[in-house]
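Biologist: I've got the sequence and the coordinates open, and I'd like to go through the odd spots with you. Shall we start?

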Amino acid sequence: MKCLFLIAIIQLLLQCTGKPLSGDDSYQKISEDVKREIAGYSDIAKAIINLAVYGNAKNRSYERLALFADTVGPRLSGSKNLDVAIEYMFSALQEEGLENVHLEPVKVPHWERGEEFALMLAPRSHSISILGLGSSVPTPPEGITAEVLVVSSFDELYKRAEEAKGKIVVYNQPYTSYGETVQYRAQGAVEAAKAGAVASLIRSITSFSINSPHTGWQYYQSNVPKIPTACISIEDAEMMARISSQGTKIIVKLKMGAKTYPDAYSFNTVAEIVGSKYPDQVVLVSGHLDSWDVGQGAMDDGGGAFISWEALSLIKDLGLCPKRTLRLVLWTGEEQGGVGAEQYYQLHKGNISNFDIVMESDEGTFMPTGLGFTGSDKARGIMKEIMQLLQPINVTNIYESGGGTDIDYWVKDGVPALGTCHLQLHIQGRKNCFKNGTVIQVFWTHHSGNKCYSGLEGEERSSFSD
C-alpha cells in the first residue's frame with residue numbers, strides 16, 4: 001500500500017494557486033512564481049511522507065483493508081455483501097470525524113452466477129474450469145451439449161461463420177494487452193451468436209494462469225440472440241485448440257444457472273475535508289467499493305478505495321487545511337461499466353466547473369513509480385513540478401492517460417484527471433516491469449480467486465484474492 005501517501009501529497013499540493021488546473025492553454029510554460037510556490041510545500045510533502053512511510057500511519061491502510069476484505073469478503077453489485085460493505089465504510093468514515101459523510105443513492109445491476117460447470121465429453125472426459133460472465137443468460141436446465149468450434153480471433157470466426165451454427169464457440173485469442181484483448185470478453189457472446197452459435201467460452205483475459213478462469217462483465221445487443229457465455233482458463237483454451245488443430249471433434253456439455261434480477265438500490269459513499277478558502281472547488285479522489293464474487297476484492301478495488309481514504313486520513317492527522325475541498329467518493333457498480341459513477345456524474349455535472357481535478361485508483365497497489373495524467377499542457381507542467389516533491393522516495397514520473405472507468409465522464413468534459421500509479425510489481429524479490437506501459441502482472445489475479453502476494457521488498461505480507 002505504498003502509494004497512499006502519493007495521492008495525499010498530490011491532492012494537497014494542487015491547492016497552490018487558487019485557479020483550477022483546467023484553465024486555458026494560452027501558455028504552457030510554468031512561471032517561476034508557480035514553481036516557487038510549489039517548492040514551498042517541500043516541508044509539508046516530507047511530513048506526509050514521513051507519516052505514511054515511517055510514522056504511525058505506516059501500514060495503516062493495509063491493516064484497514066485486511067480487516068475489511070477478510071470480514072466483508074466479495075461485494076458483487078446488488079448483493080447483500082455490498083450493502084454490508086457500504087454500511088461498514090459509512091460508519092468508519094463517520095467515526096474518523098471526516099466532514100459531510102453521506103450516501104448518494106443509485107441503481108445497479110443485480111446478476112448472480114448460480115451453479116455452473118463445463119465438461120468435455122469427447123475426445124475424452126475432462127472437467128473444464130469456468131466462470132460465468134456477468135449478465136450472461138443461463139443454459140436450459142438440462143444444459144447445452146454441442147460440438148466445439150475453436151477460433152483465435154473475431155476475423156477467424158467471421159471466415160468460419162457457417163461452421164459455427166449450432167456449436168459452442170471457444171475463443172483462444174492471444175493476450176496482447178488488457179485494453180485490446182478484453183473485447184473478446186465483452187463482445188464474444190454477441191459475435192458468436194451472430195454466427196448461430198449456441199454458447200461461447202472465452203479464454204480468460206490474462207497473460208498468466210494456474211488453471212484459473214477470470215470473470216468480468218459482458219454486453220449483449222438487443223437485436224442479437226442472447227447465448228450463455230463464460231471464461232475458461234488459458235490451459236483449457238490451449239488444449240482445445242491443439243485438439244482441434246488435429247481435426248479431432250470436441251464435444252462439451254455446459255450448464256449455467258445464472259439469474260438476472262431487477263436493478264437494485266445501492267449507494268456511492270462520500271466524505272470530505274472542506275476547503276478553507278475555496279470550499280466549492282473540489283479535488284476528487286476515488287476507488288470503487290464493489291467487486292466480483294470469486295475473491296475478496298482486495299486488489300480490485302479494495303486497495304484503491306482504501307488508499308484514497310488514507311489520503312484524507314493523512315491530511316487530517318497532520319492538521320492540514322487544504323484550500324479546496326478534498327472529496328472522497330467510493331463508487332458502486334464499477335464492475336458493471338461504471339454505473340454508479342455515471343449516475344453521480346449526471347447528478348453533479350451542472351457544477352462541473354467546480355471540479356478542479358479527479359482521480360481514480362483502480363490498477364492495483366504495489367510499488368509506485370508515478371501517476372498517469374490527462375489534461376492540458378499547462379496543467380501537465382504544473383503536475384511535473386508537483387511530482388518533484390516526491391524525489392525523496394523516487395516517485396516522480398508523469399505518464400499519459402490519467403483516466404479510468406469511473407472518472408472518464410469528467411475527462412470527456414475536460415476536467416484534468418490523475419489515474420492509478422504506474423506500478424512495478426515485486427513478488428518475492430523478483431521484479432517484473434512494464435510491457436508497453438501496461439502492468440501485465442496486475443491481471444494475473446484480476447477478477448479471479450487467485451491469491452496475490454501483497455508484500456513489498458523487505459516486508460512480510462499475507463496474500464489476498466482479487
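Biologist: Is S135 buried or exposed, and at what relative accessible area?
Modeller: S135 is in the loop between β4 (130-132) and β5 (144-151); strands (E, at least two residues) and helices (H or I, at least four) are DSSP runs, numbered from the N terminus. Buried means under 20% relative accessible area, exposed over 50% and partly exposed in between, with a 1.4 Å probe and protein chains only. S135 falls under the lower cut-off, so it's buried, at 15%.

Biologist: What sort of model is this, and which pLDDT do side-chain atom pairs need?
Modeller: Residues are numbered from 1 along each chain as its sequence is written, and side-chain values use heavy atoms, with hydrogens and water left out. It's a predicted model: totals for chains, interfaces and linings use all residues, local features need pLDDT of at least 70, and side-chain atom pairs count only at pLDDT 80 or more.

Biologist: Back to S135, then: what phi does it have?
Modeller: Most residues other than glycine have a negative phi. S135 isn't a glycine, yet its phi is positive, at about 80 degrees.

Biologist: Which residue's side chain makes a polar contact with the S135 side chain?
Modeller: A polar contact is a pair of N or O atoms within 3.5 Å; within protein, one must be able to donate a hydrogen and the other to accept it, and residues adjacent in sequence count only if both atoms are side-chain atoms. The partner lies in the loop between β7 (199-203) and β8 (229-232) and is buried, with a relative accessible area of 1%. The two side chains come to 2.8 Å, and that partner is Q218.

Biologist: Where is N394, and is it buried or exposed?
Modeller: N394 also has a positive phi, near 60 degrees. Its place is in the loop between α12 and β15 (397-399). At 63% relative accessibility it's over the 50% cut-off, so N394 counts as exposed.

Biologist: How many residues of α12 are buried?
Modeller: Helix α12 covers residues 377-387 and is largely enclosed by the rest of the structure. Its buried residues include K378, R380, I382 and M387. Out of 11 residues, the buried count is 8.

Biologist: Which residues does a cis peptide bond join with omega of about 5 degrees?
Modeller: Most peptide bonds are trans. One cis bond joins A122 and P123, with omega of about 15 degrees, and P123 is in the loop between β2 and β3 (126-128). For the bond you're after, the second residue lies in helix α10 (residues 298-317); the pair is D300 and D301.

Biologist: Which backbone nitrogen does the E116 side chain reach?
Modeller: E116 is in strand β2 (residues 116-122) and is buried, at 18%. Its side chain makes a polar contact with the side chain of R113, at 3.0 Å. Contact means heavy atoms within 4.5 Å, and, leaving aside neighbours within four places, E116 has K255 and M256 among its contacts. The backbone nitrogen, at 3.1 Å, belongs to G132.

Biologist: Why is the pair of Y345 and W410 edge-to-face, and what angle do the planes make?
Modeller: Rings of Phe, Tyr and Trp (its six-membered ring) pair if their centres lie within 6.5 Å; planes under 30 degrees apart count as stacked, over 60 as edge-to-face and the rest as tilted. A search of the whole structure finds 14 such pairs. In this one the centres are 5.4 Å apart, and the pair is edge-to-face because the planes are at 80 degrees.

Biologist: How far apart in sequence are the parts that this pair ties together?
Modeller: Both Y345 and W410 are buried, and ring pairs link them into a cluster with W331, Y344, F355 and Y409. Y345 lies in helix α11 (residues 339-348) and W410 in helix α13 (residues 408-412), so the parts tied together are apart by 65 residues.

Biologist: Which residue lies over the face of W309?
Modeller: A charge sits over a ring if NZ of Lys or CZ of Arg is within 6 Å of the ring centre and within 35 degrees of the ring normal. K107 does this over Y265, at 4.8 Å from the centre. Over W309, at 3.7 Å from the ring centre, lies R64.
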